[in-house]
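Okay, shall we get going? I have one model to walk you through today, so let me put it up on the screen.

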Amino acid sequence: MFQRVTLIGRVGQEPQMRYTPDGVAVTSFSLATTETISKTMFDGRDRSCPQGWKESYNAKNWELTTWWRITCWRKLGETVNQYLKKGQQVFVEGTVSGEAAEGSQNPRVWTGNDGVARASFELTAREIKFLGSRGETAAGPPMGEPPPEGFEEDTLPF
């Protein structure tokens, strides 16, 4: 079985690089992907706001933003840390990681500072391509490797 997730979105925070006890670089950042639908249906009638969506900045669409946690390893992590900046548009391809239970991947669940339960999937990046104009990016499409077989993120000291 092969699992592959492809995302295009904007970086939500500056990447943060750390090292495992063995000296392996690992960089994390958040990525926002946004789905947009028109407020006006094909027949000209207004579409009501779907639950959980919000009005777009131009007031013509409804938007739903999903936040992802992206992790990059080794050389890919070093490159991302060096060149990727908050607000940049990026293509990410990788595999979903979460909390494994009963043979399936489940989202990581936590309670936010506001007391609201939240959940997210995390993506281990295998490839990242910097998108946008020349002024927005300083690098080409680096390639990366997955973490070593059997590596447990819980062993990281951070």
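I'll go through the overall layout, then the strand pairing, then a pocket, and finish with a few single residues.

Quick housekeeping before that. This is a predicted model, so local features need pLDDT of at least 70 and side-chain atom pairs count only at pLDDT 80 or more, while totals for chains, interfaces and linings use all residues. Residues are numbered from 1 along each chain as its sequence is written, and side-chain values use heavy atoms, with hydrogens and water left out.

Right, the layout. The protein chain has 1 helix and 11 strands. Those come from DSSP runs, numbered from the N terminus, with at least four residues for a helix (H or I) and at least two for a strand (E). Going along the sequence, you read β-β-β-β-β-α-β-β-β-β-β-β. There are 158 residues, and 33% of them count as buried. Buried here means under 20% relative accessible area, exposed means over 50%, and partly exposed is in between, with a 1.4 Å probe and protein chains only.

Now the strands, and let me start with E11, residues 122-130. Is that one enclosed or not, you might ask? Well, 7 of its 9 residues are buried, so the rest of the structure largely encloses E11. And who are its partners? I'm calling two strands paired if DSSP finds at least two bridges between them. Strand E6, residues 89-97, runs antiparallel to E11, with 8 bridges joining them. If you want a spot to look at, Val-90 stands opposite Phe-130 in E11. E5 also pairs with E11, but this time the strands run parallel, with 3 bridges. There, Arg-69 has Glu-122 of E11 as its bridge partner.

While we're on E6, have a look at Val-96, which sits in that strand. Val-96 is buried, at 18% relative accessible area. Its C-alpha is 8.8 Å from that of Ala-125, and the two are 29 residues apart in sequence.

Next, the hairpin. E9 and E10 pair antiparallel over 4 bridges, and there are 5 residues between them. In the turn you'll find Gly-115, with a positive phi of about 85°. For bridge partners, Arg-108 goes with Ser-120 in E10, and Thr-111 goes with Ala-117, also in E10.

That hairpin brings me to the second largest pocket. Its volume is about 370 Å³. I should say how that's worked out. On a 1 Å grid over the protein atoms alone, a pocket is an open set of points with protein on both sides within 12 Å along at least five of seven lines, whereas a cavity is a set where a 1.4 Å probe fits but cannot get out; lining residues have an atom within 4 Å of a point. Points are joined across faces, edges and corners, and the volume is the space filled by probe spheres set on them.

So, which residues lie nearest the centre of this pocket? Those are Trp-67, Trp-110, Arg-118, Ala-119 and Ser-120, out of 13 lining residues. Strands E5 (61-73), E9 (108-111) and E10 (117-120) each supply at least two residues of the lining, and E5 gives the largest share, with 5. By type, the lining has 6 nonpolar, 4 polar and 3 charged residues.

Let me stay with E5 for a second. Thr-66 is in that strand, and it's partly exposed at 34% relative accessible area. Its C-alpha is 6.3 Å from that of Thr-34, which is 32 residues away along the chain.

A couple of ring contacts, too. I count a charge as over a ring if NZ of Lys or CZ of Arg is within 6 Å of the ring centre and within 35 degrees of the ring normal. By that rule, Lys-39 lies over the face of Trp-62 at 4.6 Å from the ring centre, and Lys-129 lies over the face of Phe-91 at 5.5 Å.

Last one, and it's a bit of a curiosity. Most residues other than glycine have a negative phi. Arg-74, though, has a positive phi, near 55°. You'll find Arg-74 in helix H1, residues 74-83, and at 23% relative accessibility it counts as partly exposed.

That's me done, so let's hear what you think.

Conventions. Nonpolar A, V, L, I, M, F, W, Y, C, P; charged D, E, K, R; others polar.
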